[in-house]
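Colleague: I am new to this structure and would like a close look at a single part of it. Could you take one strand and describe what surrounds it?

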Amino acid sequence: MNVSIIGTGYVGLVSGVCLAEKGHRVVCVDMDADKIARINAGISPIYERGLDALLQRNIGGNLRATTDLADAVHGSELSIIAVGTPFDGEEIDLSQIKAAAREIGAVLREKSGYHVVVVKSTVVPGTTDETVRRGLEAASGKRAGEAFGLGMNPEFLREGDAVADFMNPDRIVMGGIDDRSIECLDLLYRPFDGVDKIRTTCKTAEMIKYTANSLLATMISFSNEIGNLCSALGGVDVVDVMRGVHLDKRLSPILPDGSRVVPGFTTYLEAGCGFGGSCFPKDVKALIAHGRRLGQPMTLLDGAVTVNRTQPDQIIRLLKDHFRSLKDIRVAVLGLAFKPDTDDMRESPAIPVIQWLQDEGADIHAVDPVAGSAARKLFGDRGISYHEHMETAVAEADAVVVLTRWDVFRRLPEIIAERTVQPLVVDGRRMIGRDAVARYAGIGYREMNP
């Protein structure tokens with residue numbers, strides 16, 4: 001198919017590159033001329049594992065980028081809206097969605113033939129059927145379902161694994177206002193053989209996306225609340241507790257040969273210093289606000305957000321337990337991005353922790369494999385030295401704080417093993433064994449007082 005994708009952010013670019021890899025002819029559209037130039041030069045403007053190779057293989061072939069939305073829509077059969085929908089604290093900002101609908105509609109006014117418009121941006125239930133449809137119909141002077149189709153196709157991409165998730169999806173949700181719109185989506189995803197495909201309404205497709213993210217976010221906050229209780233009890237380690245929970249055969253089924261299936265979602269049932277990123281915090285808050293407007297309290301999700309907002313405080317508490325003052329204390333911070341394999345710092349637990357360390361006057365030495373430049377823009381240099389390697393960051397540190405689960409940080413015990421004076425290791429991701437270092441303090445565990 002000939003496909004135009006409006007928006008070259010995280011979702012739009014990954015979707016465009018992967019659809020091109022699957023054989024579609026894709027044009028990515030963005031107003032940022034510098035970003036378009038980089039994409040056409042085979043340089044990804046975002047960090048995502050595996051994206052550079054696919055971009056370079058397809059650009060100039062099945063893939064190109066442009067600032068000319070009209071030309072892209074005229075030359076395609078299907079347009080995907082993948083623009084940002086930030087949350088302002090009260091509701092998601094639909095200004096980019098509305099603008100995209102108006103611009104596409106204006107092209108459809110002049111274009112003959114049937115065209116399908118698909119929303120891929122995360123929007124609250126009802127947005128496609130109402131806001132997007134109105135914008136398209138007003139600008140085009142045509143009716144949805146007659147002159148053009150309208151669909152909703154949510155993404156389920158994990159940052160750091162987005163390319164793998166797109167190329168090997170666990171399900172594809174195809175929402176549409178009619179059968180013809182859904183059939184067009186089915187044609188788009190025909191190269192994905194053997195994948196469960198759900199045909200549904202636009203509103204239900206939107207709700208599936210929010211529900212999926214809200215469930216995972218709630219699982220994390222539940223685990224963190226249990227971890228905080230374990231810490232308050234003393235002598236109980238949340239790692240041991242959750243390991244026992246994971247072995248419930250309803251969570252980890254036992255196969256006839258006695259082996260176990262360990263589902264990936266059990267990783268969300270582990271305590272840590274909180275979730276972040278562009279999806280979970282925004283989507284859960286947006287769903288809460290949407291429920292509030294409808295007169296439906298979202299009590300459980302409210303609690304999940306509250307737990308997550310305060311979870312970085314556990315890192316601060318552990319440091320306060322061991323240091324009367326942090327002034328001039330050398331603290332190595334391992335990890336700045338909200339998760340490994342991405343440079344995304346949005347809502348990262350590292351943000352409140354580092355800001356507190358700065359206010360306390362600590363001597364901060366930060367390291368992240370890819371998020372260093374983003375962190376420098378966010379924090380500046382006040383009290384912070386940025387390092388490329390963990391070895392230099394932890395050298396002479398009084399405390400080492402682990403905030404992101406990068407695999408390279410698992411080498412920490414061997415790096416500090418030969419030091420005469422051992423630093424305190426504050427493990428915000430429970431990725432270092434309690435007995436692997438001399439001085440350990442981790443989320444969800446506190447030793448019993450003798």
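Modeller: Two strands count as paired if DSSP finds at least two bridges between them, and the strands themselves (E, at least two residues), like the helices (H or I, at least four residues), are DSSP runs numbered from the N terminus. This is a predicted model, in which local features need pLDDT of at least 70 and side-chain atom pairs count only at pLDDT 80 or more, while totals for chains, interfaces and linings use all residues. Residues are numbered from 1 along each chain as its sequence is written, and side-chain values use heavy atoms, with hydrogens and water left out.

The part I have chosen is strand β2, which covers residues 25–29. On one side of the pairing, β2 is joined to strand β1 (residues 2–6) by 5 bridges, and these two strands run parallel; within this pair, I6 stands opposite V29 of β2. Strand β2 is also joined to strand β3 (residues 63–66), again in parallel, by 4 bridges, and here C28 stands opposite A65 of β3.

The link with β1 can be followed further, since β1, helix α1 (residues 10–21) and β2 together make a right-handed β-α-β unit; right-handed means that, with the strands pointing away from the viewer, the path from the first strand over the helix to the second runs clockwise.

As for covering, 4 of the 5 residues of β2 are buried, so that the strand is mostly covered, where buried means under 20% relative accessible area, exposed over 50%, and partly exposed in between (1.4 Å probe, protein chains only).
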